[in-house]
Amino acid sequence: MSQDQDNAAEKTNKKPENSDIVNRTEPSAKLASVQKPVTKPAPSTNTLTKKEAEPPAFEKAIVDKLVNEFGNKINVIYIRPLRMKIMVEPRDVLAIAIFLRDNMGFDHAESVAGTDYPKDNQIEVIYHLGSYGTETMEGHIMALATRTSRNDARLPSLIDVFRSVEYHERETFEMLGVYFEGHPRNERFLLPEDWADIPPLRREFRIKGR
Amino acid sequence: MASYPQEFRFGNFIASIIWLVFWVLLIVTLVALPLIFIILFYVPLPLANGEVLTPYLFLSMVVDPTRTLPILQFFMQTDLFKIAVFPGFTYAALIAAVTIFVERKFLAKMQLRIGPLYAGKIEGIFQLLADGLKLVSKEIIVPSGADKPIFWAAPIAFVATAAAVTALIPVAPGWVVADLDVGIVAVFAILGFFPLIALLFSWASNSKYPFIGGLRALHQLIAFEIPFILSALSAVLLAGTLNLSGIAEAQQPYWFVLFLPISAFVFYISSLAEVERVPFDLPEAESEIVAGWLTETSGMIYGLIQLGTYIKLYALSAIFVVLFLGGWSGPQIFPQELGPPGEKTPLEQMLTLEGIYNPGTANAIFWFTLKTFGVIMLMLLPRGISPRIRIDILLHTGWYKLIVLSFINIFIALALVYGGVFGPEGILTSG
Amino acid sequence: MAGVHESKVDEAIEMGMQVVKEYTADDDRLMTLSVGPQHPGSGHFRFTIKLDGDYIVYCDPDPGYVHRGEEKMCEYRNFIQNIPHLERPVIHDSANITYSYSLAVEQLVGIEVPRRGQFIRALTSELDRQVYTLYWLAIYGIFLGHSTMFMWPTADRELFIDLLDSLTGARVTHAFNIPGGVRNDVPEGFKEKTLRHIAYYEKRLKEYEDIFYNNPLLRQRTEGVGLLTKEDAIKLGVTGSVLRASGVPFDVRKSEPYDIYNEIDFKVQYMRTGDSFARAYVPFLDMKESCNIMRQLLDKMPESGEVRAKLQPNPKGPAGETYRRVESGRGALGYYIVSDGTPRPYRVKISVGSFRNILALPHLLVGSKLADMPSIYWALNYWPVEADR
């Protein structure tokens with residue numbers, strides 16, 4: 001899957017932006033019913049028949065606030081219960097991250113994952129941002145995604161915004177070869193000290209015998 | 001990897017053993033025995049039971065049981081016996097071995113496990129033997145860059161120093177290797193060598209973790225030396241003598257632990273620190289500094305240091321008994337002579353140890369050993385219930401708390417002496 | 001209590017920082033120690049520390065000694081085949097590490113888990129939380145030189161391993177939580193046996209508290225040591241017991257209740273001091289609370305019913321991605337799975353609690369004493385194998 005394919009699918013199916021949620025009504029609806037913040041009593045799982053085409057209001061409000069601030073710099077991929085994903089350009093990622101931290105309450109990164117898309121000649125780096133400080137948003141994850149070219153994979157590091165991305169970015173550097181500008185140590189982390197191959201999580205790296 | 005040679009045959013194995021026995025016998029008869037006799041020709045031989053103890057006499061006496069007793073009697077009076085066997089090294093090593101076994105089982109019971117089980121039919125009593133054999137058979141690895149003479153000498157010095165402490169311990173009246181007038185001072189003088197050995201060894205290992213461990217050992221042992229001495233001092237004040245036998249005799253009816261409980265407690269804590277046992281095992285704290293100053297030890301070097309540690313444990317427990325628990329004193333439970341009264345056959349004489357057996361001494365040894373084991377058990381106890389202490393807390397405990405505590409009891413002791421309870425012509429002074 | 005220590009520790013850290021700056025040019029004063037991977041107090045992990053006297057002034061973690069490339073391996077196997085190897089990073093907590101994977105795959109493929117299956121799944125998760133935390137506690141005990149605390153939890157762990165053995169057929173690596181539910185129904189008499197074991201276990205927990213947590217020496221060693229403030233904890237993005245010990249009552253089971261956790265009545269256990277003792281005590285409180293959860297699960301579990309949704313062979317869903325997480329023994333354990341519509345995942349990223357917590361290690365170690373290293377390090381609830389994946 002890639003972003004373009006996703007968008008294409010959206011266009012052809014003539015469905016709203018968040019096509020994923022419609023494709024998989026049942027689990028998402030289940031999530032919607034289950035994954036309310038702690039303060040409200042959550043209904044039991046059995047009431048999952050209610051099919052939600054509309055994105056949940058709270059999450060929608062969060063994304064809307066972002067879109068109001070940054071306009072078309074933000075490409076909303078999906079809005080699901082407790083989960084939002086936005087795609088931004090590498091040059092905007094720092095400003096948006098700072099906005100997310102300062103104005104939206106996302107105070108730490110849960111994970112930084114890189115995904116290689118050789119078809120698009122791109123690598124997607126996705127930051128899963130969570131919030132500990134804001135009580136109503138404890139379960140919410142904002143996925144901040146950005147894409148860079150495979151040939152010269154460079155992205156601005158978010159280490160000054162989220163201290164918690166340090167090791168995750170370092171891992172992404174060695175696993176996918178994405179150089180994070182501003183990261184103090186773009187170095188080997190998990191791999192053997194004498195690793196002399198291409199970054200192993202790129203698609204063209206094949207495990208021997210497979 | 002140990003493995004059988006490719007063409008292993010059991011017959012060859014037996015044959016090689018027979019060859020070995022043959023050569024040993026040959027060398028013994030042709031070389032060793034003549035050599036012994038040549039040497040004995042120049043050495044003045046002792047008198048046993050009125051006869052010169054030649055090897056021939058010795059062998060003939062061994063055959064006749066009644067004639068063995070005088071030899072034993074004779075040997076038991078020599079200094080060599082005292083140093084090497086009874087209150088000296090063998091006795092201490094035996095107690096150390098029993099301590100290790102008891103510790104393992106005792107700790108296992110506390111921790112809801114079984115402990116050694118398989119070596120030996122009963123409760124794994126040969127586990128220690130197996131461990132010892134393993135250690136002996138292991139290669140001794142000397143780190144490159146180590147200061148080799150010190151590296152080799154330190155473990156031996158460690159055991160020797162530990163054994164030297166045992167030489168000063170009166171196990172029974174008259175049964176002490178060195179009955180010094182300054183006994184208790186000598187004990188602390190010898191104990192003062194341990195930090196030096198630990199530091200020398202750790203430095204000689206040329207490695208970082210041992211070095212940290214050695215420094216910790218130095219800090220710890222020195223910090224606890226002073227409360228150690230002060231707590232012993234109060235017992236000396238009450239007894240009015242530095243001689244350990246004298247101190248033991250001075251508490252015939254009333255043990256000093258009744259008057260000096262705080263000193264006894266301080267002495268106990270300091271002993272734990274001195275033998276580097278939990279909770280004071282920081283010089284060997286494995287999760288912090290691998291094995292502390294023992295990190296580079298291997299094989300029998302490790303074995304020797306462990307042996308030394310356990311002998312030291314025995315020595316300190318024994319000194320605790322001498323200082324606070326009345327030494328060997330205890331109710332007489334041994335009969336006047338072993339076996340039924342009346343005429344005895346030679347074999348019976350042999351079995352009842354006629355001429356050697358002394359009810360008073362046997363009683364003293366029994367009570368002394370019993371009390372020592374009690375104290376040893378007390379020292380083993382913290383290992384099951386306590387975590388390791390941190391070095392700054394340890395130093396704080398040593399320098400601030402224990403010294404103050406031991407001073408409290410020194411004042412109590414002084415009050416007792418000046419109040420006429422103890423001291424010359426005191427109410428409770430024995431003898 | 002904590003306030004007093006706080007200032008001290010801050011001072012020490014300040015001092016440590018200054019020392020680092022001062023001595024990087026002139027290294028003679030510092031002693032560099034490589035702790036691990038063959039150090040008894042490190043596990044499959046290495047960190048280089050520099051000492052100035054007894055103070056640690058520099059720390060550089062170097063994980064990766066047990067890196068197995070789980071994420072790459074996932075790309076070669078289909079969703080179901082991935083389960084047995086995904087639980088290898090934490091074999092003691094294998095129910096949880098497969099739990100969030102199953103949740104993620106269920107969302108991708110679109111499976112609804114039967115209600116009884118959800119209960120059993122939560123039950124295995126809680127049992128494994130006990131198994132893991134006991135193992136962790138045992139090592140924490142021996143790291144502090146408390147050998148009884150090593151033996152007792154390892155022995156009592158057997159209670160739950162026994163239960164899991166009868167439930168799943170394997171003592172540690174169960175491969176029991178699968179997309180769609182669990183493999184098998186509970187055996188006969190399982191409920192009574194579990195209740196019996198829990199009753200015994202709760203008695204034992206009291207004894208743990210007496211011999212270990214209330215031990216004055218332990219308190220001396222761990223209270224006020226390795227202070228992680230709430231702000232720092234949030235900034236560093238730590239999770240699980242480390243986060244909760246710093247005063248953030250965050251538990252995925254509460255904030256994002258998966259399966260039937262919203263029907264369970266339990267409290268999020270947390271402490272405010274943020275020192276090493278709190279980090280050691282919060283998992284213990286979790287274990288206590290987990291006993292309550294297990295009782296409720298056994299109570300509310302439907303008497304009969306399916307435990308597993310029918311799956312087509314080689315299940316696959318539409319292209320898409322998901323991020324699901326559960327509360328494991330070490331904190332939030334998330335799976336980011338991208339599917340391209342084939343039965344194999346396109347990309348799997350495991351965001352594990354250990355990997356997130358280890359970021360706090362240099363932060364805490366710099367400025368603390370060498371003797372506090374084991375207590376700080378292991379209280380971070382770090383499992384090296386899991387962090388390396």
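Me: In this predicted model, which helix of chain B holds Q77(B)?
Reply: The model is a predicted one. Residues 65–77 of chain B form a single helix, and Q77(B) has its place there. That helix is α3 of chain B.

Me: Is Q77(B) buried or exposed?
Reply: A residue counts as exposed if 12 or fewer other C-beta atoms lie within 10 Å of its own. Q77(B) has 9 C-beta neighbours inside 10 Å, so the class is exposed.

Me: How far apart in space are Q77(B) and G246(B), C-alpha to C-alpha?
Reply: In sequence, Q77(B) and G246(B) are separated by 169 residues. In space, their C-alpha to C-alpha distance is 21 Å.

Me: What is the strand order of the open three-stranded sheet in chain C, and which strands stand at the edges?
Reply: The strands run in the order β6-β7-β8, with antiparallel pairing. β6 (320–328) and β8 (345–351) each have a single partner strand, so one side of each lacks a neighbour in the sheet. On average, neighbouring strands are turned by 15° against each other, direction ignored. The edge strands are therefore β6(C) and β8(C).

Me: Over how many bridges do β6(C) and β7(C) pair?
Reply: The two strands form a hairpin with two residues between them. One of the bridges joins V326(C) to L333(C) in β7(C). The pairing of β6(C) and β7(C) is antiparallel, and the number of bridges is nine.

Me: Which residue of β8(C) is the bridge partner of G334(C)?
Reply: β7(C), residues 331–339, pairs with β8(C) in the antiparallel sense over six bridges. In β8(C), the partner of G334(C) is S351(C).

Me: Why is β6(C) described as largely enclosed by the rest of the structure?
Reply: In a regular strand the side chains alternate between the two faces of the sheet. From β6(C), G320(C), T322(C), R324(C), V326(C) and S328(C) point one way, while E321(C), Y323(C), R325(C) and E327(C) point the other way, and all are buried. β6(C) is largely enclosed because the number of its nine residues that are buried is nine.

Me: What angle does α4(C) make with β6(C)?
Reply: Helix α4(C) packs on the sheet and touches β6 and β7 of chain C. Its burial fits the same picture: 16 of the 16 residues of α4(C) are buried, so the helix is largely enclosed by the rest of the structure. The direction of α4(C) makes an angle with that of β6(C) of about 150°.

Me: What span should α4(C) have, and what follows it?
Reply: Helix α4 of chain C covers residues 94–109, which is 16 residues. At 1.5 Å a residue the expected span is 22 Å, and the end C-alpha atoms are 22 Å apart, which agrees. Just after α4(C) comes a residue with a positive phi of about 85°, G110(C).

Me: Which element gives the largest share of the side of chain C that touches chain A?
Reply: Here 45 residues of chain C are in contact with 41 residues of chain A. Elements giving two or more residues to the chain C side include α4, β6, β7 and β8. By class, that side has 18 nonpolar, 14 polar and 13 charged residues. The largest share, five residues, comes from β7(C).

Me: Which elements of chain B give two or more residues to the side that touches chain C?
Reply: In this interface, 23 residues of chain B are in contact with 26 residues of chain C. The chain B side has eleven nonpolar, four polar and eight charged residues. The elements are α13 (286–289), α17 (382–385) and α18 (391–418) of chain B.

Methods: Residues numbered from 1 in each chain as written. Chains lettered and ligands numbered in written order. Predicted model: local features only at pLDDT ≥ 70, side-chain atom pairs only at ≥ 80, totals over all residues. Helix = DSSP H or I, 4+ residues; strand = E, 2+ residues; numbered from the N terminus. Expected span 1.5 Å × (residues − 1). Buried ≥ 20, exposed ≤ 12 C-beta atoms within 10 Å, placed from the backbone. Contact = placed C-beta atoms within 7 Å. Nonpolar A, V, L, I, M, F, W, Y, C, P; charged D, E, K, R; others polar. Pairing = 2+ DSSP bridges. Axes fitted to C-alpha atoms, helices over the stretch in contact; angles between N-to-C directions.
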